[in-house]
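Colleague: Please take one part of this model and go over it closely. I would like its partners, its turns and its cover.

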Amino acid sequence: MENPLKCEICKVDMPNVCWESHLQGKKHQRGVLLLQQKRDAEDRGIYVKGFRGPVNQEHLKAFFRQFGQIRKLTYDRQSKFAIVQFSERQSAQMCLSKELYYRGHVLHVKQREIRAPLNQGPCPQKATSEEFDHVKITTALSLCEDNFEVQFAALLNEIHLSDYSKYGMVCRHLESTFSVAFPGCKAYPFGSAVTGLAFKWSDLDVFMDLNDVAATQLEGGSVSLPVPESLNNVVNHAKKLFRKPYLFSKVFAIPKAKTPIVKFIHKPTNINCDLSFKNALGVNNSALIKFYLSLDPRLKPFLIVIKYWAKKNDLSGQ
């Protein structure tokens, strides 16, 4: 048997045959992103102590500004240390390469170390499990009579989401939240929420049209092109708008991903959601699939079962 490979980022072992799939997976990609953010912050940051007497934070900023532009400075008055985050790596290296004197006293400077992912807690846990309860499903099927139609209906009853009304509530709450900063914004669900192929525990994918540019028409609504403002800034600003603990929890922004998103849990419905702003391609694709499925009522049930079979046999996703 081949020796398993170890992913140092995700801290897991796996067979060689699964290695490429793992590297393309969302969990690994998110880990790579957070590790890169951490390393960038450490390269551009310094930890400073050795201050004597009272220290004014603004005066401290003026002192370190001589080495370069400061992105952020935090000073702990009780423990008398500061963390300085520069915009450029060269500024941090300059501080580390020489003795610094502040009000006549030498400062102790070292490279910043971050023990947790930068500006993020751990990625929020799912409100419900991603895993299927195969035992429960198999038990339900075993209780059916030996009839294909009956077993088929029982399987659909166990796995298929039949009520999509909760998704509308999520979108309404998102629109009311974002309309404060982006009047006229519109939330569009896409993926299985639109095609009708959702499982009972499926996440909800939503595209938010911020109404920043001219829009194209889609089923009576507006779906914009990518917003001209930096998507990183949009995602970071969006995270601030989510400060409504009665509506949203476990908010987790991923601004530097290929498709920047904000992950969160909608508390009234307990639904896990991914909110994106980049473009409306997913919305259009979902509408097209929905149209295809409408051509023959037999298609949807069989696709749901095929989707379940693929998931059970690890053939879906990457």
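**Strand β13 and its partners**

Modeller: β13 and strand β14 (residues 271–276) pair in the antiparallel sense, over six bridges. Strands here are DSSP runs of E, at least two residues long, numbered from the N terminus. Pairing requires at least two DSSP bridges between the strands. The model is predicted: local features need pLDDT of at least 70, side-chain atom pairs count only at pLDDT 80 or more, and totals for chains, interfaces and linings use all residues. Residue numbers run from 1 along each chain as its sequence is written, and side-chain values use heavy atoms, without hydrogens and water.

Start with the β14 side. H266 of β13 has I271 of β14 as its bridge partner. The two strands make a hairpin, with four residues between them. N270 sits in that turn, and its phi is positive, about 60°.

Now the other partner. Strand β12 (residues 248–254) pairs with β13, again in the antiparallel sense, over five bridges. Here F252 is bridged to K263 of β13. β12 and β13 also form a hairpin; six residues lie between them.

Next, cover. β13 spans residues 261–266, and six of its six residues are buried (under 20% relative accessible area, 1.4 Å probe, protein chains only). In a regular strand, side chains alternate between the two faces of the sheet. In β13, I261, K263 and I265 lie on one side. V262, F264 and H266 lie on the other. Both faces are covered. K263, the partner of F252, is thus listed among the buried residues, as is H266, the partner of I271.

Notes:
Buried means under 20% relative accessible area, exposed over 50%, partly exposed in between (1.4 Å probe, protein chains only).
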